[in-house]
Amino acid sequence: MSGKRFSVGIFDHEDGVKEAVKSMRGEGVKIQEVYSPYAIHGIDEMLGYKMSRLPMASFLFGLTGTILALTMLYSMMGFDWPMIIGGKNFAALPPFIPVTFELTVLLAAFGMVFTFFVASDLKPWARPRMYDTRITQDKFAVVVDLDANSKSKDEIDTMLRNAGASEVNAKNFN
Amino acid sequence: MTTFDEKYTFTAKTKRSLAITLAVGIVLLVVGIFMNMGDGGHGEEHAATAVSEQLVASTGRVVSEAAAGGESHETATWLKRLYTDLWINNMFFVGLGVIGLFFFALQYAAQAYWSTAMLRVAMAIGNWLPFAFLLIIGVFFVGKHDLFHWTHDYLYDPNSPDFDAIINGKKAYLNMPFYLGRMIVFLGGWYMFFLYMKKHALAEDIEGGGIERWKKIRSSAAWFLVFFAVSSSMSAWDWVMSIDTHWFSTMFGWYVFSSWWVSGLALITLLVIFLKEQGYLSIVNENHLHDIGKFIFGFSIFWTYLWFSQFLLIYYANIPEETVYFVERLTTQYRPVFYINIFINFVFPFLALMTRDSKRQMAILKIVSVIVLAGHWLDFYLMITPGVMKYDGGFGFMEIGTTLIYLAIFLWVVLNNLAKHPLIAKNHPTLQESLHHHI
């Protein structure tokens with residue numbers, strides 16, 4: 001059977017979600033994602049998410065920008081087409097700093113945005129998975145990937161109900 | 001559950017360390033003075049005068065003091081150097097004191113709630129202001145002719161051979177009554193604002209609840225920020241920039257402010273960490289440290305931005321009367337300090353505080369704060385010493401000794417005042433938000 005199978009537990013309150021996440025992770029269930037109409041403080045730690053490595057990517061992109069700018073400016077102004085500007089040396093560092101700064105920021109920002117798009121699978125032709133439309137209104141959803149867990153669908157559905165889910169829906173994507 | 005009534009005790013152990021610091025400072029200062037008196041030979045003085053004549057001549061103007069044989073005949077080099085060191089520390093520590101008040105006021109004006117738990121630490125730092133007031137005025141009266149070239153009367157006398165048309169043109173601003181008036185208004189004004197805000201902050205502890213006190217402090221804080229925006233810039237021109245009387249920079253006010261601000265933030269961080277290590281302020285956790293770490297990181301970059309903006313424009317325009325400031329610092333014995341200054345105030349905090357984890361760990365924050373504080377002290381050294389001492393300036397026991405003396409007295413005043421009042425503003429309307437601060 002191709003495609004992905006999910007169990008979606010719908011909760012009415014933030015507290016219920018937190019309890020469910022705690023108890024189910026305590027029993028070794030891997031939770032795919034929690035959806036909420038607003039940000040829940042501390043839910044990242046409860047879900048056991050690792051820190052994103054996006055800042056490191058940003059730093060490396062920025063460093064690329066710095067090196068690119070300095071190499072470009074030194075080769076252009078120092079060797080390729082030396083010009084006297086304001087009586088300064090051909091290859092003088094201070095006038096290069098603003099350009100270097102701008103290229104560093106540009107590459108760091110764009111690099112970070114595109115890395116984020118790639119990492120979050122946000123491409124123009126991507127088809128987002130909608131687990132439940134009510135999660136943008138007043139409901140909370142705990143999504144469990146059934147293929148990532150050794151427990152059966154029934155077991156997981158029961159656990160979600162026991163944890164306080166008002167309903168549990170099956171959701172399949174191809 | 002933490003108690004909000006905790007009070008810091010200024011222990012005998014801390015007092016002893018401060019007393020030792022003070023004693024070491026005095027010994028170093030005395031040794032430094034004797035060493036300077038020893039090698040202040042006459043031939044050397046003349047050589048120095050000749051070079052400084054050449055240096056100032058690069059502005060295209062003959063400056064009287066060099067032509068007349070220099071002022072070194074009036075004041076001994078070691079005494080001049082002592083005035084310089086006192087003035088450096090006056091400027092550095094008055095900055096720390098007023099930043100304590102500025103940080104306090106800023107949190108109210110911006111309605112920032114994360115910082116409520118550490119407001120009392122910032123407030124305690126402000127207690128330095130009256131001492132700074134006396135020290136600045138005292139050192140100014142004793143050493144004004146050595147520190148500030150423009151204080152000489154002969155510069156303004158058209159019949160005198162030493163008449164200086166440029167300085168005479170600045171007379172409307174740089175004259176003794178107006179200058180002293182500004183000094184008293186700025187220092188006095190800061191202290192008045194401090195007393196007013198402190199009074200209401202402490203009354204809140206006793207009365208409890210209510211938002212009336214908070215509102216009073218907030219409106220006072222807003223007025224203080226307006227006053228400080230003007231006075232911080234003008235005091236930087238008066239107290240630091242007017243040393244190089246011919247020279248001016250429109251960036252200077254902000255430049256000095258940013259230096260003060262970063263060092264003040266580093267000091268608040270260090271005091272908070274010091275208190276936490278003694279077992280106080282358990283309500284301040286790594287989330288609060290993270291925020292103040294971001295402040296140090298961000299404003300180190302801001303300082304660099306101002307430093308570079310000032311340098312680049314002068315470098316590019318290449319007008320002799322402006323570049324002389326950097327010639328004085330880049331072609332002399334101050335050259336290493338110039339580069340160390342950029343390195344430890346920009347490159348080091350930039351790389352050390354970049355990651356999230358480093359801002360959340362006390363050990364790293366502590367190292368960075370100490371280095372940033374030392375770095376901005378060097379920044380003031382670099383602003384003041386070359387202008388006053390020219391080629392006679394140096395870095396040795398005298399500088400370290402004076403700084404240790406100031407540091408010990410400053411910390412004594414701050415910690416002594418910190419111990420007088422509760423460490424946590426328990427009735428502050430935003431304390432709960434600070435407790436739940438989470439990033």
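Trainee: Which residue of β3(A) is the bridge partner of A:Val34?
Mentor: This is a predicted model, in which local features need pLDDT of at least 70 and side-chain atom pairs count only at pLDDT 80 or more, while totals for chains, interfaces and linings use all residues. Residues are numbered from 1 along each chain as its sequence is written, and chains are lettered from A and ligands numbered from 1 in the order in which they are written. In β3(A), a strand being a DSSP run of E with at least two residues, numbered from the N terminus, the bridge partner of A:Val34 is A:Val142.

Trainee: How many bridges join β2(A) to β3(A)?
Mentor: Strand β3 of chain A covers residues 140-145 and runs antiparallel to β2(A), and A:Glu33 has A:Val143 as its bridge partner in β3(A). Two strands pair if DSSP finds at least two bridges between them, and here the number of bridges is 3.

Trainee: How many bridges pair β1(A) with β3(A)?
Mentor: A:Ile10 has its bridge partner in β3(A), namely A:Ala141. The two strands β1(A) and β3(A) pair in the antiparallel sense, and the bridges number 6.

Trainee: In what order do the 4 strands of the open sheet lie, and which are the edge strands?
Mentor: The pairing in this sheet of chain A is antiparallel, and the order is β2-β3-β1-β4. Pairing on one side only are the edge strands of chain A, β2 (33-35) and β4 (167-173).
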